[in-house]
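Reader: I have a structure open in front of me and I'm not sure how to start reading it. Could you walk me through it?

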There are 2 protein chains.
Amino acid sequence: MDQTQGPVNRLVLTSARATKVMPALEVVKAACSNCSLRELCLPIGLQPEELKRLDELVSTRRRLRRGDHLYRAGQPFEFIYAIRSGFFKTDVLIEDGRDQVTGFQMTGELLGLDGISSEVHSCNAIALEDSEVCAIPFSHLEGLSRQIHTLQHHFHKVMSREIVRDHGVMMLLGTMRAEERLAAFLLNLSQRFKARGYSPAEFNLRMSRDEIGSYLGLKLETVSRAFSRFQEDGLLAVHQRKIRILNTTGLKKLMTHQRG
Amino acid sequence: MDQTQGPVNRLVLTSARATKVMPALEVVKAACSNCSLRELCLPIGLQPEELKRLDELVSTRRRLRRGDHLYRAGQPFEFIYAIRSGFFKTDVLIEDGRDQVTGFQMTGELLGLDGISSEVHSCNAIALEDSEVCAIPFSHLEGLSRQIHTLQHHFHKVMSREIVRDHGVMMLLGTMRAEERLAAFLLNLSQRFKARGYSPAEFNLRMSRDEIGSYLGLKLETVSRAFSRFQEDGLLAVHQRKIRILNTTGLKKLMTHQRG
DNA sequence: CCGGCGGGTTGACGTGGATCAAACGCAAGG
DNA sequence: CCTTGCGTTTGATCCACGTCAACCCGCCGG
């Protein structure tokens, strides 16, 4: 998708090994400076020189299989994770067995911000498909963001965005009815796929009806019924987890519909 | 509105006027370094020297009357506010008229974190009683936290804590029933009053039943009924907005009660 | 080919909380 | 003293969603 940019990257591209032996995939995986996600992820707006320093900071990568935990509630917090590929959910659970999905995360988004406050993760992060993440030692990130203003500010924006997003979910859970919630959820997913260069109209859900329900504060049967209703009304085409949005404005209208 | 600030303040403290003429209250209000809230607020863990630099950063104070807006959704973001005294709510509202209280804030807590992400406030902050806040220019805070590691880390913790808190609210809205929600809410308030040296068992609610309901995703009638129920069950004594918790463990048990 | 299984759909019914409506109680103002 | 008004309480009814249960469908292994 994008091979140019950053000193490291230019070096690699012009070397014999890179062009002859190493597969493109491996090259791309090497660093932030030539990561296709850099405009979605932490490196936004950094200068090439700064980007190089960020490269040094992303020390390890982890691959996860579908179903693997990236971290669990209660584990000591050490890393922030940037999603390179794949799809995650985070959930919290309380003693009595109740649990709730607090979010779904996709490429370029950060995981682990919840752990900063108490040095311990407060939720579970679970891969919903085979995934790869960059592990960023948080103390290093703090160090570097003391030196790179842009990085610092962007990191603050990311945390703030998470807070704003959570407020949106609270709004959804507190005031919307089932179909409005599902419409809002689908439109949100659609937009995020679009931002990543995928079709905003057609995509695969990575999560079960139960997980959607948990996120939206609904039972899976209610989610299923809402899907059926949307299909009857010609808003969606649903096949298993394959979704095609047929009428975006209809969904938006539904979402904003007054109760009175 | 307030005449003492920054460097001026240090002057005042060592001057004859400060010790002889000015009332103690005024002195206390002058700066972080002698603010009674410094163990709850941003200055946690700072050295005296660092504290002095933080003083310079808190440039202005604002007094608000009950009902005043500290900021409104849509206004440009510039300041983080630390609550010196008083009580606030934040709420978001969407086009169709629905709104939701996203939080209640008390002394030592920060307001405005939501604005960082887009340089524009995403919610309204409204004083629920006469209040006073310290306005901290955010760009200055970023600057200082690039120099003071402790401050930086603490600020990150505060943002993270807000995220964790929001997840707790999502849990509450998504999985708890009315009485569980109210119990959780009261216990949370109780604990925060306690942390500030007030009685955890007896306090005045600063917000209406309607505002509680909005926060908890319930209608005011439901909140009222839950209060009545708690009183019948001997868990609370309720008189208007005056609350006395009679049975904390009972409330906790109720909160954690399984549905099955 | 069959049988089992996990996820999804659909239907029938129950219920917690919303809605609608009335009345109360405290406070401010005449 | 009475009025006005807002926040709250309480009751009666309604309805969206939860619950329970049957069934379906695609998938996998035998």
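**Reading a helix, a pair and a DNA surface**

Author: Sure, let's start with what packs around one helix. The buried residues of helix 7 of chain B are covered by elements of chain B including helix 6 (149-175), strand 9 (202-204), helix 8, helix 9, strand 11 (242-245) and helix 10 (248-255). Keep in mind that this is a predicted model.

Reader: Okay, which residues of helix 7 of chain B are buried?

Author: Here a residue counts as buried if 20 or more other C-beta atoms lie within 10 Å of its own. In helix 7 of chain B, the buried residues are B:Glu179, B:Glu180, B:Arg181, B:Leu182, B:Ala183, B:Ala184, B:Phe185, B:Leu186, B:Leu189 and B:Ser190.

Reader: And how many residues does helix 7 of chain B have?

Author: It's handy to compare a helix's span with what is expected at 1.5 Å a residue. Helix 7 of chain B (residues 178-195) has 18 residues and spans 26 Å from first C-alpha to last, close to the expected 26 Å. After helix 7 of chain B comes B:Gly197, with a positive phi near 90°.

Reader: Now the two chains. What turn lays chain B on chain A?

Author: To compare copies, you lay one on the other and look at the turn and the shift. For chain B on chain A, a turn of 180° with a shift of 0.0 Å along the axis gives an RMSD of 0.0 Å. That is how a two-fold axis relates them. Both copies use the same surface, as 100% of the contact residues of chain B recur in chain A. In chain B, B:Arg146 comes closest to the rotation axis, its C-alpha at 2.1 Å.

Reader: How many residues does the contact take from each chain?

Author: Chain B gives 38 residues and chain A gives 38 residues. On chain B's side, strand 5 (99-106), helix 5 (138-147) and helix 6 each give two or more. Helix 6 of chain B has the largest share there, 19 residues. By class, that side has 12 nonpolar, 16 polar and 10 charged residues.

Reader: Last one: which residues are closest to DNA strand D?

Author: For a DNA surface, list what surrounds the strand, then sort it by element and class. DNA strand D is surrounded by 18 residues, and the closest are A:Arg177, A:Thr222, B:Ser208, B:Ser224 and B:Ser228. Helix 9 (220-232) of chain A, plus helix 8 (209-216) and helix 9 (220-232) of chain B, each supply at least two residues. Helix 9 of chain B has the largest share, with 6 residues. Sorted by class, this surface has 9 charged, 5 nonpolar and 4 polar residues.

Technical notes. Residues numbered from 1 in each chain as written. Chains lettered and ligands numbered in written order. Predicted model: local features only at pLDDT ≥ 70, side-chain atom pairs only at ≥ 80, totals over all residues. Near = placed C-beta within 6 Å. Helix = DSSP H or I, 4+ residues; strand = E, 2+ residues; numbered from the N terminus. Nonpolar A, V, L, I, M, F, W, Y, C, P; charged D, E, K, R; others polar. Least-squares fit on C-alpha atoms with pLDDT ≥ 70 in both. Contact = placed C-beta atoms within 7 Å. Expected span 1.5 Å × (residues − 1). Buried ≥ 20, exposed ≤ 12 C-beta atoms within 10 Å, placed from the backbone.
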